[in-house]
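Please examine the structure shown below, giving attention to its domains, its charged side chains and its aromatic rings.

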Amino acid sequence: MAAWGARLAGVRGVLLDISGVLYDSGEGGGKPIAGSVDAVARLKRSGLKVRFCTNESQKSRSRLVGELRSLGFNIHEGEVTAPPPAACQLLKERGLRPHLLVHDEVRSEFDQVDTSDPNCVVIADAGEGFSYQNMNKAFQVLMGLDTPVLISLGQGRYYKVTSGLMLDVGGYMKALEYACGVEAEVVGKPSPEFFKSALQEMGVEACQAVMIGDDIVGDVGGAQRCGMRALQVRTGKFSPTCS
């Protein structure tokens, strides 16, 4: 215990991943991971600043928070840092008009963004929307641009739901990168800008924060590259033989 106390000395804020750390999503709103509801409550009572940092891009923040609250979590929409709002801000700042290859559940997040005459592609975890037709349309848009811009909401390889492991957006992002000869801009973990945004919302420095997640690359590695401490849980996608 003394060793853990030394490792966490000076921590003022905790960033929590959601999928695989708090719950496994799935039919009926998913299933909380044992002890996670109480853990969040205890963190909030401790006086530490708590923020939820997720790459969830199949659900709007409001739906995600609603599901978590129905499972007993003390969480509010304003406490969640997620890729779609961050992507919308980036698009507006740079005058980009996206062709959206995203899940129907998150299209409403882009209602205030001009999508006419696209000059970029935004890709997210589209689930069943990753058909050949839809991927090829995104490819055609990118290849038709003088300066193609591909924005990916996260770059995860896979994640866990109650029914098992699921392919994430990363594989489809890599396919478009290869086919179009472009490098995607990642909005979400492990992007340093995404973590910095969460830290700014919390009002703490990187050296004062710890990230807790199940993804050794997106959660742990991304946080450490930003100067944070990080812990990997043994739930969700964690496997002793796979990263």
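The following paragraphs describe the domains, then the salt bridges, and then the contacts of the rings.

The model is predicted, with local features requiring pLDDT of at least 70 and side-chain atom pairs counted only at pLDDT 80 or more, whereas totals for chains, interfaces and linings use all residues. Residues are numbered from 1 along each chain as its sequence is written, and side-chain values use heavy atoms, leaving out hydrogens and water.

The protein chain is assigned domain 1 (10-82 + 189-232) and domain 2 (83-187); such bounds come from an automatic or database domain assignment. Between the C-alpha centres of domain 1 and domain 2 the distance is 23 Å. To the contact (heavy atoms within 4.5 Å), domain 1 contributes 21 residues and domain 2 contributes 20 residues. The buried area between domain 1 and domain 2 is about 1,600 Å², of which 51% is on carbon and sulfur atoms. Buried area here is the accessible area, taken with a 1.4 Å probe, that two parts lose on being put together, summed over both.

Charged side chains also take part in this interface: two salt bridges are found across the interface of domain 1 and domain 2. A salt bridge is defined as a side-chain nitrogen of Lys or Arg within 4 Å of a carboxyl oxygen of Asp or Glu. In the whole structure, the search yields 12 salt bridges.

One of them joins E79 to K44, with the closest N and O atoms 2.8 Å apart. E79 belongs to the loop between α3 (61-70) and β5 (80-81), and K44 to helix α2 (residues 36-45), so the pair ties together parts that are 35 residues apart in sequence. Helices (H or I, at least four residues) and strands (E, at least two) are DSSP runs, numbered from the N terminus. How accessible are E79 and K44? E79 is buried at a relative accessible area of 18%, while K44 is partly exposed at 23%. The term buried denotes under 20% relative accessible area, exposed over 50%, and partly exposed the range in between (1.4 Å probe, protein chains only).

A network of salt bridges links K59, R63, E67 and E105. Within this network, K59 meets E67 at 2.8 Å, N to O, and both K59 and E67 are buried. E67 also forms a salt bridge with R63, at 3.1 Å, N to O. These two residues, R63 and E67, lie four residues apart in helix α3, about one turn of the helix. The relative accessibility of R63 is 34%, which counts as partly exposed, whereas E67 has 11% and counts as buried. R63 further meets E105 in a salt bridge, again with an N to O distance of 3.1 Å.

Turning to the rings, how many aromatic pairs does the structure hold? There is one aromatic pair. The ring centres of F130 and Y172 are 3.6 Å apart and the planes lie at 10°, so the pair is stacked. By definition, rings of Phe, Tyr and Trp (its six-membered ring) pair if their centres lie within 6.5 Å; planes under 30 degrees apart count as stacked, over 60 as edge-to-face and the rest as tilted. The pair links distant parts of the chain, 42 residues apart: F130 is in the loop between β7 (120-123) and α5 (132-143), and Y172 is in helix α6 (residues 169-180). F130 is buried, with 12% relative accessible area, and Y172 is partly exposed at 23%.
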